[in-house]
Amino acid sequence: MIFFSVIIPSYNRGSLITESIDTVLAQIHQHFEIIIVDDGSTDNTKQVIENKYKTDSRVRYFYKQNEERGAARNYGMKQATGDYAVFFDSDDWMKPNYLEVLNKEIEKFPEIFLLAAKYNFSNSGKTQNQPALDTLAEGWYDRNLFLKGNTIACNFCIKIKGNTYKPFPEERELASMEDWLFLLLNLENEKIYIKNKVCITMRQHDERSMMNNQKVIEARKKATVWAKKNLSLSELEKKKLSAWSHYFCGIHQYLDNNRAGAVKEAINAIKEYGLNKFFLLLLTKSIIGRNLIKAIQ
C-alpha cells in the first residue's frame, strides 16, 4: 500500500540527486513511492536514475519539458498514487524517521490536511539550524503565519486523496516563490500542523535557487503582486503581506551589500505596517553597512 508519494522535481542535478533519493529509500516507514519529475534536464540525470534504480519499483521517473518547479510539482501530484504528497528537493537529505514522524501525526490527527516538520542546513560540512523555526512552537497554524513569508520552504506534505488541494502557481516569474504561494492558497480555509522535530537537512551550495539575491528579490515582488490579486485578503492582511515582503527584499539587498536598497526596503516596511523590532534592526544594520559590521565583528 502506497501512503506517501514523495515528489522530487529536478533540473540538471544528476550529480546530487542519488544522495537525496537514497535518504528516502532508507526511511523507516516504507509505504511510499518516489516520483522523480525531470524538468527538462540537459545533463545525465535520466541515465543516472535508470542505471541505479531501474530494478526498484519504488522509484518512478518522468521526463517533461522545462516549466519550472511549480509545474513539475503539479505534474508529480497527477502521477501520484499515495494519500499524501511529500515535497522534497533533489539536493536535500531526509533523516530516516521523517516519513514515520509524518505518519504518526496523521494517525493522531486523521483530519490533517497540511503537515510539516522542521529542517536544518548543511553548509560546507557544518550543520546550522533555521533560526526562524527554533522558536516556533509545535502546533496548528493558519495562513496568518505565512503572510510574513515561508519559514518551512518546500518541506511539507499535503493530503491529495480527494483532490481538494489547490495546485502550485506555474508562472516562470514566480519561480522560488511557488511554495510560499501554494501554502497561502491552501491555507485559506485550512490549518497546517508543524512538528517540533528536525527531519530534513537542506544543503547550501552555489546552485541553490535562493542564492541569487537579486533574482529572489524580483520573484518575491512579483509573488506579492500575485498574492494580492489572487487571494482573498483583508486590507490589513495585504498591508502585512507587503510590509514583510519589503523586509524580505531588504534582507536580500543587505546580503548583496546594497545599503541604499536595503534602507529603502526597511523604510517601506515601516511605512506599510508601523514600527517593528525586525524592521528597525534591518534599517540600523543597513545604514551601518554589512562590510563594516563584519569588520567590527
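**Figure 1. Trp244 and Tyr247, an aromatic pair within helix α8 of this predicted model.** Trp244 and Tyr247 are 3 residues apart in helix α8, so about one helical turn separates them. Their rings make an edge-to-face pair, with 5.2 Å from centre to centre and 75° between the planes. Trp244 is buried, at a relative accessible area of 7%. Tyr247 has 18% relative accessibility and counts as buried because the cut-off is under 20%. The helix that carries them, α8, runs over residues 235-255 and has 21 residues. From its first C-alpha to its last it reaches 30 Å, close to the 30 Å expected at 1.5 Å a residue. Just past the helix, look for Asn257, which follows α8 and has a positive phi, near 60°.

**Figure 2. Phe278, a partly exposed residue in contact with the α8 pair.** Phe278 belongs to helix α10, which spans residues 277-288. With 38% relative accessibility, Phe278 counts as partly exposed. Setting aside residues up to four places away in sequence, Phe278 touches Trp244 and Tyr247, the two residues that form the edge-to-face pair of Figure 1. For a sense of scale, Phe278 and Asp43 are 235 residues apart in sequence, and their C-alpha atoms are 42 Å apart in space.

**Figure 3. Phe109 and Tyr193, an aromatic pair that links distant parts of the chain.** The model has 18 aromatic pairs in its count. In the pair formed by Phe109 and Tyr193, the ring centres are 5.1 Å apart and the planes meet at 40°, so the pair is tilted. Phe109 sits in the loop between α4 (98-108) and β6 (114-123), while Tyr193 is in strand β10 (residues 192-203), 84 residues apart. Tyr193 counts as buried, with 8% relative accessibility. If you are browsing other aromatic residues, try Phe87, Phe156, Phe168 and Phe182, which form one aromatic cluster.

**Figure 4. Arg220 with its charged end over two rings, those of Trp180 and Phe248.** The charged end of Arg220 sits over the ring of Trp180, 4.0 Å from the centre of that ring. The charged end of Arg220 also sits over the ring of Phe248, here 4.4 Å from the ring centre. Trp180 is one of the buried residues of α6, the helix shown next.

**Figure 5. Helix α6 and the loop before it, with Ala175.** Helix α6 covers residues 178-186, and 9 of its 9 residues are buried, so the helix is largely enclosed by the rest of the structure. Its buried residues include the charged Glu178 and Asp179, along with Phe182 and Asn186. Phe182 is also a member of the aromatic cluster with Phe87, Phe156 and Phe168. Ala175 lies in the loop between β9 (156-159) and α6. Ala175 is buried, with a relative accessible area of 17%. Leaving aside neighbours within four places in sequence, Ala175 is in contact with Glu68, Arg69 and Ala219. The C-alpha atoms of Ala175 and Lys46 are separated by 23 Å, with their positions 129 residues apart along the chain.

**Figure 6. Tyr119, a buried residue of strand β6.** Tyr119 has its place in strand β6 and counts as buried at 5% relative accessibility. Residues that Tyr119 touches, not counting those up to four places away in sequence, include Gln130, Leu133, Thr151, Asn155, Val198 and Met202. Tyr119 and Asp134 are 15 residues apart in sequence, and 9.8 Å apart from C-alpha to C-alpha.

**Figure 7. Ile21 in the largest nonpolar core.** This core has 81 residues, of which Ile21 and Ile192 touch the most other members. Apart from neighbours within four places in sequence, Ile21 is in contact with Ile8, Ile34, Ile36, Ile49, Tyr53 and Val59. Another core, of 12 residues, lies apart from it and has Tyr254, Val263, Ile270 and Leu283 among its members.

**Figure 8. Cys154 and Cys249, two buried cysteines.** The count of disulfides in the model is 0. Cys154 is in no disulfide, and the nearest cysteine sulfur, that of Cys157, is 12 Å away. Cys154 counts as buried at 2% relative accessibility. Cys249 counts as buried, with a relative accessibility of 2%.

Technical notes
Residues numbered from 1 in each chain as written. Predicted model: local features only at pLDDT ≥ 70, side-chain atom pairs only at ≥ 80, totals over all residues. Heavy atoms only, no water. Core = buried A, V, L, I, M, F, W, Y, C linked by side-chain atoms within 4.5 Å. Buried < 20%, exposed > 50% of the residue type's maximum accessible area, 1.4 Å probe, protein only. Contact = heavy atoms within 4.5 Å. Helix = DSSP H or I, 4+ residues; strand = E, 2+ residues; numbered from the N terminus. Expected span 1.5 Å × (residues − 1). Phe/Tyr/Trp six-rings, centres within 6.5 Å; stacked < 30°, edge-to-face > 60°. Lys NZ or Arg CZ within 6 Å of the ring centre and 35° of its normal. Disulfide = S-S within 2.5 Å.
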